[in-house]
Structures are given as C-alpha cells and as structure tokens.
Amino acid sequence: MKHELSIAEVLSQVEKTVQPHFGKGRPADYIPELQRVDPRKFGMAVKMVSGAEYVVGDADEPFSAQSVTKLFALGIALNRIGDEVWTRVGKEPSGTPFNFLSQLEHEGGLPRNPFINAGALAVTDMLMRVAKRSDALVRDYMGFLAQSSLTIDEDVAASEVETAHKNRAIANLMKGAGTITHDVEAVIAAYCRQCAITISCRDLARAALPLAAGGFSPVVEETVFPERLARRLNALMLTCGLYDSVGSFAYRVGLPAKSGVGGGIVAVIPGQATIAVWSPELDRFGTSVVGFAALEAFSQITNCSVL
Ligand code: DON
C-alpha cells in the first residue's frame, strides 16, 4: 500500500465516496428473512498483519455472512481432508451465477469450484464426515480465528431451508452423480445453517487475517494453517470469489475477495491486511453495490491492488 493518508483517513474518505451508491441495489429477496435488514447500513474494517485495526460505520454490527462462510468451510476441508476435496469439486471460474444449474448437469455433477453453491454443498457434504454438525464446525472455526463468539441466526436459517428449492435441485443432481453422499435434506440443512452464521466486519477482518499473513494469525497468535493453504485460498478467491463478476472485481479492485448475499465482502491484501465491508444492497451478481464501491475506492486511494 502506498498512500499519503492514514488508514483512518482513508476509511472516512471511502465512506464519503460511496454515498452516491446507496439505492442502486436491492437486499437479497429470495431468502425472505434477509429483506428485514436496513438497506442503508454500511460498515468497514481493516485489520493489519501488524495488529492495528481501523473501522468505520456499522463495523461492529453482525450481519448474515452467507457465502463468505464458504471460504472458511473450504479452509477447514482442505486442512482436514486435503487434496481429496478436489476429486469432488473443481478449481476453475464458472462464469455463471452462484446458483446456476445447467452447467452442473452438463459437467457430470462435478461443480466448477467450491464457491458456487454446488461446490459449497459438496464441501458441506465432505465436512459432515469431519463433524456431524458441520455448520457449528464452521461457526466455531470462524469464531476461533476472530477470537469472538459467533452465532447462527435461526430465523435466517429457517427462512432459507424453506425456500432452498434451487439448492435442493443442485444437491439432488449431485446426489445422483455421487458427488454428495449424505441425505440431501441433511446437507441442505447444514449448508443453510452455515450460511446463516452472523459476523461483524471487525470480526470478519480478524478471522480472515491468516490469509494475509501466510497462515499465521496475529489475532490468535499462532499458525493456523500452512502458508501454501493461504496462497491457494487467495488464488481461488481471485479467480472464483465473486462468481460471474470476478473479472470486473479484479479489474476495479485487484484483490482476492469473497462476497455473500448478506452484503458482506472480505478482501485480502497479501502480506499486509484484510478488509471486511458490509452493506446489504446487492447488484445482479449478488454482490454488495456499496461494498464493491468501497473496496474500489480503498484500492484506488491506497494503491493496494495485487495486480
Ligand atoms: O445458497 C444461497 O443461495 C445463499 N445461502 C448464499 C448465496 C450467496 O451468498 C452468494 N454470494 N454472493
């Protein structure tokens, strides 16, 4: 990062820059419970590998992590199961929406990558071998990394289980293909509960910090996974973290990142810091409009793009 301003000054400039972007998107409506959130919320947290922390706005308010949890679920799977994960899921960008069905059928029930819903459901199925309650495993792992106690929003989880028709179709297709092995309803329930984990920007920036510090967590003060795993997770975020808008994100921001339909995005500046941002209004790719704009402004001001 090369910049004249302090990070605190950068964040207040970013907050001003994003104001015109409110009202351009809409909170997720296909999970009814997510519509109850105030669309004007905005929080951002930067956690440096040196330990310093900077926040602005609603950075301490927990929000629905949704697909951001897929990053941590994959981290656990690669740590605990290893390369066998890649026999059930690929590592290529999909170029399709996160819940796309026909590509999966076309490709024999093998998901393109672990961040689209199909891939994340396959990861959930594998994690269910490691722990009966894979959602609690992911919640506790994220909580451990953030050194904070996280919860699962039961209303959001129930709302998603009730309306997960597309995910059920995806899971059934994969069950037929042998990609998933557990009962489809059990996988759907575990996956929806995982997505319903709530976390604040401050805790999310803390939890992701090992990705910026070669697997070492300055928060936990220990190495939590091998350096190689941090590099690989960053590579997957850079190429697949934002589904079919990952190219625009690389072009405009230039950082590995993972988005969620709760309006959260976590981004990594390798060797330096993590950034978590939250604002609920989404673009048509399921990414926070204001969050995207905030990361773009931050990247431009600090020149922190990895590209
Ligand atoms: O399965 C779903 O559709 C949601 N629980 C998660 C999707 C999501 O967050 C996509 N990311 N932007």
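**View 1. Strands β1 and β10 sit side by side in this predicted model.** Here you can follow two antiparallel strands, β1 and β10, held together by six bridges. Pick out Met44 and look across: its bridge partner in β10 is Val277. Strand β1 covers residues 43-48, and five of its six residues are buried, so the rest of the structure largely encloses it.

**View 2. On to the pairing of β1 with β2.** These two strands also run antiparallel, this time with five bridges between them. Gly43 faces Gly57 of β2. Now look at the hairpin: four residues lie between β1 and β2, and Gly51 takes a positive phi near 110° there.

**View 3. Next up, β9 and β10.** Strand β9 takes in residues 264-269 and β10 residues 273-278. They're antiparallel, with six bridges joining them. To find your bearings, spot Val266, which stands opposite Ala276 in β10.

**View 4. Zoom out a little and you get an open sheet of five strands.** Reading across, the order is β2-β1-β10-β9-β8, and the pairing is antiparallel. Which strands stand at the edges? They are β2 (53-57) and β8 (257-259); each has a single partner strand, so one side of each has no neighbour in the sheet. If you ignore direction, neighbouring strands here are turned by 10° against each other on average.

**View 5. Time to meet the residues around the ligand.** There are 13 of them, and the ones that come nearest are Gln66, Ser67, Cys195, Val261 and Gly286. Sorted by class, this shell has nine polar, three nonpolar and one charged residues. An unreviewed UniProt entry carries a "binding site" annotation for Ser67, Asn117, Glu160, Asn167, Tyr191, Tyr243 and Val261.

**View 6. Glu160 gets a close-up of its own, in helix α6.** The helix covers residues 154-163. Is Glu160 buried or exposed? It's buried, because 27 other C-beta atoms lie within 10 Å, and 20 or more is enough to count as buried. Leaving aside residues up to four places away in sequence, Glu160 touches Ile31, Cys192, Cys195 and Ala196.

**View 7. Last stop: Tyr243, in a loop between two helices.** Those helices are α10 (227-240) and α11 (246-252). Despite the loop setting, Tyr243 is buried, with 25 other C-beta atoms within 10 Å. Setting aside residues up to four places away in sequence, Tyr243 touches Ser94, Pro97, Phe98, Ile116 and Phe285.

Key. Residues are numbered from 1 along each chain as its sequence is written. This is a predicted model: local features need pLDDT of at least 70, side-chain atom pairs count only at pLDDT 80 or more; totals for chains, interfaces and linings use all residues. A residue is near a molecule or strand if its C-beta atom, placed from the backbone, lies within 6 Å of it. Ala, Val, Leu, Ile, Met, Phe, Trp, Tyr, Cys and Pro count as nonpolar, Asp, Glu, Lys and Arg as charged, and the others, Gly among them, as polar. Two strands pair if DSSP finds at least two bridges between them. Axes are lines fitted to C-alpha atoms, for helices over the stretch in contact, and angles run from 0 to 180 degrees between N-to-C directions. UniProt positions are given in the numbering used here, feature names are shortened, and annotations may be inferred rather than shown by experiment. A residue is buried if 20 or more other C-beta atoms lie within 10 Å of its own, exposed if 12 or fewer, and partly exposed in between; C-beta atoms are placed from the backbone. Two residues are in contact if their C-beta atoms, placed from the backbone, lie within 7 Å.
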